[in-house]
Amino acid sequence: DDYYLLYPRPYLKEIRGLDAETRLGERLILGLVRSESAFAADARSRAGAIGLTQLMPATAAEQAKSMGIAEYDLASPRDNLRIGIAHFAYLLKRAGSPLRAMMAYNAGMTRLNAWAADGEGLPDDLLVETLTIAETRQYCRNILQAAVMYGELYEGVRPGAAAGRIVEGNR
């Protein structure tokens, strides 16, 4: 029962709706939001990131514009989730795999591209371990671990299978 307390599913209705749009996988979205803000809608980072998905205002503005959203409030769980998850889906499309999208979400596409060039040929799970920024390495591990736990607790997916699916890009 303690694990259910550690891995709650607030905003599940909104997350399921976004999963239907993005096809990211509910457990991956939950892992991302849990890792970014621990589901605290009022979360703010020292760097200025806001809300559940810890969006930087400039990134949110760019993503919202591409979505045709003129007005939004990053403090609103609905708006923040919608824009943040769309941004993650965009990065996934550009990066090509969930782990690379995590790297880009945390450190940017420019850094991801440099790391990918330096680690050419490495599988994504090993590439994570070569990253030059410890925070990004741990960030990827946190999301993967949380997504695996959500899969096991709520979907009955064995940990190895859940991790393998995400690492292989099958969410």
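# Exercises on a predicted helical model

Leaving aside neighbours within four places in sequence, G31 touches I143, A146, A147 and Y150. The model is a predicted one, and the exercises below start from this residue.

**Exercise 1. Place G31 in the model and state whether G31 is buried or exposed.**

Step 1. Find the element: G31 belongs to helix α3, which covers residues 26-37.

Step 2. Check the accessibility. The relative accessibility of G31 is 0%, and buried means under 20%, so G31 counts as buried.

Step 3. Look along the chain. G31 and Q145 are 114 residues apart in sequence, yet 7.7 Å separates their C-alpha atoms.

Step 4. Return to the contacts: beyond four places in sequence, the partners of G31 are I143, A146, A147 and Y150. Helix α9 spans 134-155.

**Exercise 2. Describe the overall fold: which secondary structure elements are there, and how compact is the protein?**

Step 1. Count the elements: the protein has 10 helices and zero strands. Along the sequence the pattern reads α-α-α-α-α-α-α-α-α-α.

Step 2. Compare the radius of gyration with the globule rule. The value is 15 Å, close to the 16 Å that the rule gives for 171 residues, so the protein is as compact as a globular protein of that length.

Step 3. Add the outer dimensions: along the principal axes, the C-alpha atoms fill a box of roughly 40 × 40 × 30 Å.

Step 4. Turn to burial and contacts. Of the 171 residues, 47% are buried. Among contacts between residues at least 6 apart in sequence, 51% join residues at least 24 apart.

Step 5. Finish with the surface. The accessible surface is about 8,900 Å², and carbon and sulfur atoms account for 48% of that area.

**Exercise 3. Work out how many residues of helix α6 are buried, and what covers them.**

Step 1. Helix α6 runs over residues 98-107, and nine of its 10 residues are buried.

Step 2. Name the buried residues: P98, L99, R100, A101, M102, M103, A104, Y105 and A107.

Step 3. Identify the cover. The elements over these buried residues include α3, α5 (77-95), α7 (109-118), α8 (124-130), α9 and α10 (159-167). Helix α3 is also where G31 sits.

Step 4. Look just past the helix: G108 follows α6 and has a positive phi, near 100°.

**Exercise 4. Trace salt bridges in the model and say which helices they link.**

Step 1. Start with the total: the structure holds six salt bridges.

Step 2. Take E26 and R16, whose side chains meet at 2.8 Å, N to O. E26 is in helix α3 and R16 in helix α2 (residues 12-22), 10 residues apart. E26 is buried at 14% relative accessible area, whereas R16 is partly exposed at 43%. Both residues belong to a salt-bridge network that also includes R9.

Step 3. Take D124 and R100, with the closest N and O atoms 2.7 Å apart. This pair links helix α8 to helix α6 across 24 residues. D124 is buried, at 12% relative accessibility, and R100 is among the buried residues of α6.

Step 4. Take R141 and E129, which form a salt bridge at 2.5 Å, N to O. R141 lies in helix α9 and E129 in helix α8, so the pair ties together parts 12 residues apart in sequence. R141 is partly exposed at 33%, and E129 is partly exposed at 43%.

Step 5. Set the charges in context: the protein has 20 positive and 21 negative side chains, and the centres of the two sets are 3 Å apart.

Notes. Residues are numbered from 1 along each chain as its sequence is written. This is a predicted model: local features need pLDDT of at least 70, side-chain atom pairs count only at pLDDT 80 or more; totals for chains, interfaces and linings use all residues. Side-chain values use heavy atoms; hydrogens and water are left out. Helices (H or I, at least four residues) and strands (E, at least two) are DSSP runs, numbered from the N terminus. The radius of gyration is taken over C-alpha atoms; the globule rule is 2.2 Å times the number of residues to the power 0.38. Buried means under 20% relative accessible area, exposed over 50%, partly exposed in between (1.4 Å probe, protein chains only). Contact means heavy atoms within 4.5 Å. Accessible areas come from the Shrake-Rupley method with a 1.4 Å probe; for residues, only the protein chains shown count as cover. Lys and Arg count as positive and Asp and Glu as negative; His and the chain ends are not counted. The place of a charge is taken as NZ of Lys, CZ of Arg, CG of Asp or CD of Glu. A salt bridge is a side-chain nitrogen of Lys or Arg within 4 Å of a carboxyl oxygen of Asp or Glu.
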